[in-house]
Amino acid sequence: QDVTPTDLQHWLDTLRSFLLRVSTVTGRPLVIKSPTHTGRIAALAKEFPDARFIHVTRDPRALFPSTCRLWAGLAEAQGMQVARKPSDGSGDENELSADKQYVVDCLRRMYDAFFRDRETIDSNRIVDIRYEDLVADPVAILENVYRSLRLSDFDSVRPVIENWTANEHRAYKTNRHQLSSQDEAVIQTAWKHYFETYGY
């Protein structure tokens, strides 16, 4: 949003160049996990007409603390300056820290764009799945993804997925996130559309 056509095309050309380099090395179709692309779906669908999109939703009460933790980890590992210390509590109790407010604002902006542009994507190019369902039953959810996006025959990959589910996935544990009542109240209001649209 608010990016000039020239700058947008430069970004798309650079992305295409990067993806071509990666695909040359792998020799396989690419599967890209990039949540930030959620807000860019219209531009990506137009630029890459053969692309398919898997939209994964997650309970915001887990998504919010997980995203806050992600940004804190990235800042610590890649930041060019020392991160500010959290508030000592002397400020307004109803105010979010700047870092948390950034997370709230980013998701809202990203989904404003997604909800606006989603209807421009052919239904056979995009499928919605819930993270909670994927974790609970990967085989059934992936079978639905293959069918919805008209990918290759799922039965040809079913044994591999079932083997992975019975072994590696069995040991998988999701992170447990703590969410304060104050933070939950904020996201219930700020992300109301998301909560209602995806049944959380």
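These notebook entries record what I looked up in the predicted model of this protein.

**Entry 1. Overall layout**

I began with the secondary structure and listed nine helices and two strands. Read along the sequence, I wrote the order down as α-α-β-α-α-β-α-α-α-α-α. I then took the extent along the principal axes, where the C-alpha atoms fill a box of roughly 60 × 45 × 35 Å. The accessible surface of the protein came to about 14300 Å², with 53% of it supplied by carbon and sulfur atoms. Of the 200 residues, 27% count as buried. For contacts between residues at least 6 apart in sequence, I noted that 77% join residues at least 24 apart.

**Entry 2. The two strands**

I asked in which sense strand 1 and strand 2 pair, parallel or antiparallel. Strand 1 pairs with strand 2 (residues 126–130) in the parallel sense, over five bridges. In strand 2, I found isoleucine 129 as the bridge partner of valine 56. I next followed the side chains along strand 1 (residues 53–57), and they alternate. Phe53, His55 and Thr57 point to one face and are buried, whereas Ile54 and Val56 point to the other face and are not buried.

**Entry 3. Nonpolar cores**

I turned to the interior, since nonpolar side chains in soluble globular proteins tend to be buried together. The largest nonpolar core holds 27 residues, and those that touch the most other members are Phe53, Phe64, Val104, Tyr111, Trp191 and Tyr194. I listed the elements that give two or more residues to this core: helix 1 (5–26), helix 2 (41–47), helix 3, helix 4 (98–117), helix 8 and helix 9 (192–197). Helix 4 provides the largest share of this core, six residues. Apart from this core I found another, of five residues, among them Val127, Ile129, Ile141 and Leu149.

I then looked up the neighbours of phenylalanine 53, leaving aside residues up to four places away in sequence. Phenylalanine 53 touches Ile41, Leu44, Ala45, Ile121, Arg125, Ile126, Val127 and Leu149.

**Entry 4. A nonpolar patch on the surface**

Which residues make the nonpolar surface patch of about 390 Å²? I identified Leu70, Trp71, Leu74 and Tyr102. Helix 3 (residues 60–78) gives the most to the patch, with three residues. I checked leucine 70, which lies in helix 3. Leucine 70 counts as partly exposed because its relative accessible area is 48%, between the limits of 20% and 50%.

**Entry 5. Positive phi values**

I searched for residues other than glycine with positive phi and recorded aspartate 2, with phi near 60 degrees. Aspartate 2 is found in the segment before helix 1, and with a relative accessible area of 78% this residue is exposed. I also recorded arginine 150, which has a positive phi of about 55 degrees although it is not a glycine. Arginine 150 is found in the loop between helix 6 (138–148) and helix 7. Because its relative accessibility is 62%, arginine 150 counts as exposed.

**Entry 6. A pair distant in sequence**

I finally examined arginine 176, found in the loop between helix 7 (158–166) and helix 8 (181–190). Is arginine 176 buried or exposed? Arginine 176 is exposed, at a relative accessible area of 78%. I compared its position with that of proline 65: the two residues are 111 residues apart in sequence, and 9.4 Å apart in space from C-alpha to C-alpha.

How values were computed. Residues are numbered from 1 along each chain as its sequence is written. This is a predicted model: local features need pLDDT of at least 70, side-chain atom pairs count only at pLDDT 80 or more; totals for chains, interfaces and linings use all residues. Side-chain values use heavy atoms; hydrogens and water are left out. Patches are made of residues with over 30% relative accessible area and no salt bridge: like charges are joined within 9 Å, nonpolar side chains (Val, Leu, Ile, Met, Phe, Trp, Tyr) within 5 Å. Accessible areas come from the Shrake-Rupley method with a 1.4 Å probe; for residues, only the protein chains shown count as cover. A salt bridge is a side-chain nitrogen of Lys or Arg within 4 Å of a carboxyl oxygen of Asp or Glu. Helices (H or I, at least four residues) and strands (E, at least two) are DSSP runs, numbered from the N terminus. Buried means under 20% relative accessible area, exposed over 50%, partly exposed in between (1.4 Å probe, protein chains only). Two strands pair if DSSP finds at least two bridges between them. A nonpolar core is a set of buried Ala, Val, Leu, Ile, Met, Phe, Trp, Tyr and Cys residues joined through side-chain atoms within 4.5 Å. Contact means heavy atoms within 4.5 Å.
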